[in-house]
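User: I would like to learn how to read the features of a protein model one at a time. Please give the general idea first and then the case at hand.

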Amino acid sequence: MSKRRAATCQCSICHQTRPCSDVAPGESIREAIATEIQKQTPAWNSDQPVCTSCLNQFRAEHFRHLLEEEKGELSDLEMRVLDSLREQDSIAANVNEKFDQQLSLGDRISDQLANFGGSWAFLILFAAVVLIWMLFNGILIAQEAFDPYPFILLNLVLSCLAAIQAPVILMSQNRQEAKDRLRSEYDFQVNFRAELEIRLLHTKLDQLLSHQWQRLLEIQQLQLELMEELAERRDKPSS
Ligand SMILES: [Zn+2]
């Protein structure tokens, strides 16, 4: 019996002689662990046996790498989200404020005039002035009227007013149009970025899911392996 126990094998990593039951043949080692071993000892290949204690060291190393990768991936994701948030902030600035800042004094005045021209106050005031003018010249002081019926001067004043008002309104409209254009450009940029962001998020999510799934399987396999080994060791009659 002692002769059978004496069969020994040499570990190709630590070069120690151990009982053959404690040494695993290279082909039986899982691929992920095998690459881990090859990473640290490039001379090793899958034909060479490895002792259990060395194998466990490599398993622990593999475990550690898996968990580290996961952590790194998450923090990388957070960084990217933060970056995109920062960029998004600068784009979604208030368009109205930005546009108002670049207006000249003439622009402001014409805007005010157009605003006033399009209000009820202007209409009422206008009607009142015309009415007073007509009453004044038509009835009250008909003898010494400065603009007797049919009010030629009033006509001239009204034509002048119309001639001035038209370009003011046009200017204001042009500006409004420019503002709308700017706003739609900003909208497009924000939408475009959001779309890209969503697409990126989808890709990231898919990637993360498949990665995590793989990693979970890997960890589970590792645990199963260890458990099987433990069970084997327990079932074996102790020396
Ligand atoms: Zn060893």
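The dialogue below takes up confidence, fold, metal site, core and backbone in turn.

User: On what conventions does the reading rest?

Analyst: This is a predicted model, in which local features need pLDDT of at least 70 and side-chain atom pairs count only at pLDDT 80 or more, while totals for chains, interfaces and linings use all residues. Residues are numbered from 1 along each chain as its sequence is written, and side-chain values use heavy atoms, with hydrogens and water left out.

User: Which element of the chain has the lowest mean pLDDT, and which the highest?

Analyst: pLDDT is the predictor's confidence in each residue, from 0 to 100. Where it is low, the predicted coordinates should not be read in detail. Here the chain averages 82, and 88% of the residues score at least 70. Helix α1 (residues 2-5) has the lowest mean, 46, and α6 the highest, 90. Over residues 1-5 pLDDT stays under 50, and the model has two contacts for them beyond four places in sequence; a contact means heavy atoms within 4.5 Å.

User: How many helices and strands does the chain have?

Analyst: Elements are DSSP runs numbered from the N terminus: helices are H or I with at least four residues, strands E with at least two. The chain has seven helices and four strands, in the order α-β-β-β-α-β-α-α-α-α-α from the N terminus. Among contacts between residues at least 6 apart in sequence, 66% join residues at least 24 apart.

User: Which residues coordinate the zinc ion?

Analyst: Donors are N, O and S atoms within 2.8 Å of the metal (3.2 Å for Na, K and Ca); water is not among the atoms, so sites may look incomplete. In this model the SG atoms of C11, C14, C51 and C54 coordinate the zinc ion at 2.1 to 2.3 Å. The site is tetrahedral, with angles of 102 to 119° among its four donor atoms; four donors earn that term if all angles lie between 85 and 135 degrees. The donor residues follow the spacing C-x2-C-x36-C-x2-C. Distant parts of the chain are linked by C14, in the loop between β1 and β2, and C51, in strand β4 (residues 50-51), which lie 37 residues apart.

User: Are C14 and C51 buried or exposed?

Analyst: Buried means under 20% relative accessible area, exposed over 50%, and partly exposed in between, with a 1.4 Å probe and protein chains only. C14 is partly exposed at 28%, whereas C51 is buried at 0%. Of the 239 residues of the chain, 22% count as buried.

User: Which residues touch the most other members of the largest nonpolar core?

Analyst: A nonpolar core is a set of buried Ala, Val, Leu, Ile, Met, Phe, Trp, Tyr and Cys residues joined through side-chain atoms within 4.5 Å. The largest has 15 residues, of which I13, I29, I33, I37, W44, V50 and L55 touch the most other members. Two or more residues each come from β3 (23-24), α2 (31-40), β4 and α3 (52-91). Leaving aside residues up to four places away in sequence, I29 touches A34, I37, W44, V50 and L55.

User: Where does the backbone depart from the usual pattern?

Analyst: Most residues other than glycine have a negative phi, and most peptide bonds are trans. A cis peptide bond joins Y149 and P150, with omega about 10°; P150 lies in the loop between α6 (120-140) and α7 (152-235). In that loop, F151 has a positive phi near 55° and is buried at 11%. H15, in the loop between β1 (8-10) and β2 (17-19), has a positive phi near 60° and is exposed at 53%.

Key:
Four donors count as tetrahedral if all angles lie between 85 and 135 degrees; four count as square planar and six as octahedral if opposite donors are over 155 degrees apart and all others between 65 and 115; anything else is irregular.
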